[in-house]
Structures are given as C-alpha cells and as structure tokens.
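Work through the exercises below with the model open. Each task is followed by a solution in steps.

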Amino acid sequence: MNGAEILVKCLEDLQVKRVAGYPGAAILPVFHALAGSGIAVTVNANEQAGAFCAAGMSRAGDQVGVTVVTSGPAITNTLTAVADCNADSIPLLVFAGQVPSGKLGTDEFQHINVSRVFAKAAKKVALISDASHIEEAVKDAWHFAKSGKPGPVVIDLPMDVQTAEGEYHGLDPKLFRHKYDDERHLGENQCRRFFDLLQGAKRPLLYIGGGLNNQKASDRIRRFNDLFAIPSINSLMGKGILDESRDTSLGMLGMFGTPYANTAIQETDLFIGMGVRWDDRVRQRVGEKGLEADIAYIDINPEKVQEVRVTRAPKFTFIGDAGTALDDLLSWAEKNPMKLEIGEWQERVRNLKKETPLNFNRAAAAIQQAEVMEILSGLLPEDVRIATGVGNHQMLAAQHLKIRRPKSFLTSGGFGVMGFALPIAVGACLADPSRTVLAIDGDASLRMNMGELHTIGAGNLPVKILLLNNYSAGMVRNIQTARYANCVIATEEGCRDVSFARIAAECGFAWTRRTEERSGLKADLEALLAAKGPALLEVVTDVEEAVYPVIAPGDGYQGMDLGPFMGGRKQENCSFAFFGAGRRHSVKE
Ligand SMILES: Cc1ncc(C[n+]2csc(CCOP(=O)(O)OP(=O)(O)O)c2C)c(N)n1
Ligand SMILES: [Mg+2]
C-alpha cells in the first residue's frame, strides 16, 4: 500500500464514514485512495467551510470530524476553523497535502511551513516523513484529539510520503485509546469533603460548561441534579447539558447572560464549577471582591485549576474529567443518602426568573430579533440542533432558546467566528440527518460563508436557516453608537435590495421566504420548521436593536445593565445604553 492508501485504510479502521474534503494537486493521492474506499466526501465551498463542516460533525456527533485539503492556501484557509476548535475544545483531524519532502523550506509553489503556522492554533501538528509512520500517526492522532481537553490535530503529508510504499500493520485502534484513558478518580475522602461543603451550603449554584457537553456526562449531571435539584447556570458552551426548560436552570451567565443567572451568581454561597473554563467573558469571578462564595472546581485543564487555586482559594478542586468525577460523586451519594436544605434558595431562584424575565422593545415598529427568539422558543422541537453565527442574534438565541439536549447548541464560543453557522449546520446535518438542524444566522455572518448556501442546496440537505437581517454587523454597530459618538462606519450594508431568500432559491432551496411583517411571523417560523429539504426564512429586523442585559467590559455583575425593557421599567426610558454608556438599570437597585 502507498501512504495515501494506508491513511484511508486507517480512517476506515476508525469507522470514519465521511470526510469534508477539497482537492488540489498535492493531496490527489489521498483523494484517489478515497475513491476506492467506502468513505463519502463532502465538498464545501472553501476549506474554511470544510474544516467547520468536519467540526460540525464533532460538535454534533460522537465522532472526530475529518477534513482533507491540499497544501499552501488550502491549509491556511483552515486556520480559523482549527483555532476555533482549539478554543472550544473540539476534536478535529486535518490532513493536508504538502510539497515533496525535498522541497520543504524552499519557495516551492503553494508551500507553507504548516508546523509553524499552526503551532499556536492546534492541539498538535505533525509532519510525516515516512509512509510507514502513517498508521501509528493517524490512529494516535484520532485518540489524542478526543482525549483530555480535546482539540484539533493537523497532519502534514508531503507528496512523496503519500505515494511511497509503506507498512500497514492493522493495529487495533483501541490500543491508542488506552494510551489516553483518563484514570483519575475522586477518592472516598474527596467525595466526603465535596458533600460536606454541599451540605453546609444554603445557596449552592452549579456552573456547568462545555467539558460536560456530551451524552455521557450530560446523563450523569442530570442524575446528580435529579437527586439534589441545585440551581444551575451555564456557559455559552454549556447549553443543553442540563435541560434548560427546568425551573432550576437559569441559563447563560456572563456579559450578555440572563438577568437571573447574573443575579444568582451574586447570591450563591457555594459556587460549583464543573467542566468550565471560567473565561474573561464571564466577567467578574467568584472569589473576587463582592462575590465571596466558597468554590468547588472540577476541570480537566490543570493550568486553569492551578490558576483558580492560586487566585481564588477554592475549598475543593479536582483535576480530571468532570463526567468521571460526577460518577464518583454519584456512587458516593448513593451509598450515603443525604438531603440538602435548599428549599428557600430554590424558591428564590424560581422567583428571580418570574420577576426579571427577558424582555425587549414591544412597541418598536420594526421586528426585533429578540421577538423572533421569543416566538421561536415556543416552537422548537425537543430534538432540534441549532448552529449560530456571531453577533446579537447569537447572544439573543443563547438567552432565549431553551435547549433540552447536549451537543445541540453549536456556537463559536472562545473564538467567536462569524461564518460559523452554515458550514457547522452542514456538518451537524450529515452527522445525524434524523435531527432537525436549524442555523440561526446574522446577515453579516452569513455573508462570510455564503458559499454554503450552494453546498446545502446542491446536496439537498434538510438544513433550515433563519436569517435575521438587520442589514448590519449589528453587535459592532451597537458599540459604535454607544462608544464612538454614534459614528457608524463599515457596519451597515449599503445594498438593501438584495434578497438572501432569492439567492437561496437560486441555489436550489425548495422553500424560501422573506418577511418584514410581524403579523405572519409565527406562521412563517412554523412553516420554516416544517419545510422539507433546504429551507430559508429571511426576517428583516430593526437595525437599532441592542442586546440586554449587558455588563460593560471591566464591570462586575452588580453593574448589569438591564436596559429599558426589563425589570418592570417603562418603555420611555429607552436609551440603548449599550456597553455602559447612559443609564444603568440594575436588578439589585
Ligand atoms: C471573522 C470575524 N470577523 C469579525 C468579527 C467581529 N464581529 C463580531 S459580531 C460582528 C457583527 C455580526 O453581524 P451579524 O452576523 O449581521 O449579526 P448581528 O449582530 O447583526 O445580529 C462582527 C463584525 C468576528 N467576530 N468574526
Ligand atoms: Mg446583522
């Protein structure tokens, strides 16, 4: 077998059924081998979209998404998607063609030093120099990408290595899995300490993140919370791990978090972070002045746990897989039954949700994005998978939509990449066509990977797209209005007559509609969700709309600005005081 054939055989051994690929001369041996395999190839509009499509398969399914591209501009096109996977701990395998080994480091056509370019963006980069090394490298990379804190692995394959004869040994892929098995468990004493803390708390709060965003860990935290019903908040990456429709689920914390999540964190006396990376968008941190709760923190990333140990004096920490730790805690709790005295706190949290519900400008002439989300949240099927762009529509979706299953809210968290929604939705749809896949996108985000309208239409993929078109890069325009003296530059689109719905129809979408009418909005959303095959609903929304609540950069939770429409305030107070300019409306006033 030549190197390319060995690579494809390894992918078959790893049960890969489909790759996202984009060909070019320097990777043609691999495409040739793919032609003789049972592996399907999806061709996206460019390699960034291809890498996102593969990442969509990882985000939605249990597999590791795989993308195969050529050298030079093709591999650099994947850089943003690779960095995105790295930031959100998503496993991904990228195989790239490369100039022949003898030409490495020269000015050969379409050559770039992949190891250097990706050094800081990937979990690992490997240059293969011998076809006989391919099998071990590929099987190892697959498990390495999935293990510990997951991430992307980039494999650079010089042309001569793809065509050279090499050894294929048929190594059992499980051998490599065992290499990365995480065997760290909580001991009896650690479990006792955790539950002592929990039993001593009057207002415990679970803070859960992407580290638990898989079926197994989600089952465990649900069992844990069936026992204890501890109020919970989540990071953007943690949506759907616990069922967000439960009354103890308070939704997303942070800069654009829900009023109740951002208030609960000010009142907790035991903050239990699990599988969450405690990032800067989460604003002021528990343990800092003003938020002096006890902390229990469980995460697989040793650096982060050490940082929290040094800076916040937690009462309990554990470095390891949060799902495994939950297993240990559950077995301990089953052997040592206990009751928590948190009835008052649960009641407080329920009231918080009732007292400060999300709200928006109901008197506005134009449709509000928040209004679309409010209607949509009542229509979503339980099995829906949502992919979003980046911007106001993303934050509003995160605030309003109650996600009921893990791996179902697919969004670019740590890197915040516009252009994410469509290719990720393609990957999610290919990973599991039986689930409803809805891409919620902004006009500017959609334009970044508009070629995927063609991928979806040409492939007749049943992806549903809800495009919220405010004819602007709304989130950035909001900052300009509030902080740059209302000087709007480069964030509004001049051309208002383009209909994205018409473009989608031209790309082969069977169902498209464009609306500016509030009256038919609910029916339009229902029709979008019920449509068969590719479908797009374009809703024209208010360019002036801003997202609330908001916490200004550098401010703490006490400074949460509820805006003019929440917390029972009158609509005349409207000031669009985005990012801290203008009036403050704190829930604690
Ligand atoms: C690749 C990339 N470029 C630029 C940005 C900066 N940015 C963040 S949100 C945003 C506007 C997004 O506009 P749109 O998709 O229309 O969403 P809206 O806020 O209008 O709902 C921009 C430009 C980014 N996050 N990603
Ligand atoms: Mg927009």
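**Exercise 1. Compare the end-to-end span of helix 14 (residues 322-335) with the expected span, then find its buried residues and their partners.**

Step 1. Helix 14 has 14 residues, so at 1.5 Å a residue it should span 20 Å. The expected span is 1.5 Å times one less than the number of residues. Helices (H or I, at least four residues) and strands (E, at least two) are DSSP runs, numbered from the N terminus.

Step 2. The end C-alpha atoms of helix 14 are 20 Å apart, which agrees.

Step 3. Ala322, Gly323, Thr324, Ala325, Leu326 and Leu329 are the buried residues of helix 14. Buried means 20 or more other C-beta atoms within 10 Å of a residue's own; exposed means 12 or fewer; partly exposed lies in between, with C-beta atoms placed from the backbone.

Step 4. These buried residues pack against helix 10 (188-200), helix 11 (215-228), strand 10 (270-274), strand 11 (294-299) and strand 12. Contact requires C-beta atoms, placed from the backbone, within 7 Å.

A note on the source: this is a predicted model, where local features need pLDDT of at least 70, side-chain atom pairs count only at pLDDT 80 or more, and totals for chains, interfaces and linings use all residues. Residues are numbered from 1 along each chain as its sequence is written, while chains are lettered from A and ligands numbered from 1 in the order in which they are written.

**Exercise 2. Sort the residues of helix 15 (343-355) into buried and exposed, and place them around the axis.**

Step 1. Helix 15 has 13 residues and reaches 18 Å between its first and last C-alpha, close to the 18 Å expected.

Step 2. Trp345, Val349, Leu352 and Lys353 are buried in helix 15. They cover an arc of only 95° around the axis, so they sit on the same side of helix 15. The arc is that of the directions from the helix axis to the C-beta atoms.

Step 3. Gly343, Glu344, Glu347, Asn351 and Lys354 are exposed on the other side of helix 15.

Step 4. Strand 9 (249-252) and helix 12 (259-267) are what the buried residues of helix 15 pack against.

**Exercise 3. Locate two positive phi values outside glycine and give the exposure of each residue.**

Step 1. Gln15 has a positive phi of about 70°. Gln15 lies in the loop between helix 1 (3-13) and strand 1 (18-21). Gln15 is exposed, with 9 other C-beta atoms within 10 Å.

Step 2. Ala313 has phi near 45°. Its loop runs between helix 13 (302-312) and strand 12 (316-319). Ala313 is exposed, with 10 other C-beta atoms within 10 Å.

**Exercise 4. Find the cis peptide bond that involves Pro549.**

Step 1. The bond joins Tyr548 and Pro549, with omega about -5°.

Step 2. Pro549 is in the segment after strand 18 (535-540).

**Exercise 5. Describe the contact between domain 1 (3-179) and domain 3 (369-540).**

Step 1. The chain also holds domain 2 (188-355). Domain bounds come from an automatic or database domain assignment.

Step 2. The C-alpha centres of domain 1 and domain 3 lie 30 Å apart. Domain 1 gives 21 residues to the contact and domain 3 gives 24 residues.

Step 3. On the side of domain 1 that touches domain 3, helix 3 (47-60) and helix 5 (79-88) each supply at least two residues. Helix 3 has the largest share, nine residues.

Conventions:
Contact = placed C-beta atoms within 7 Å.
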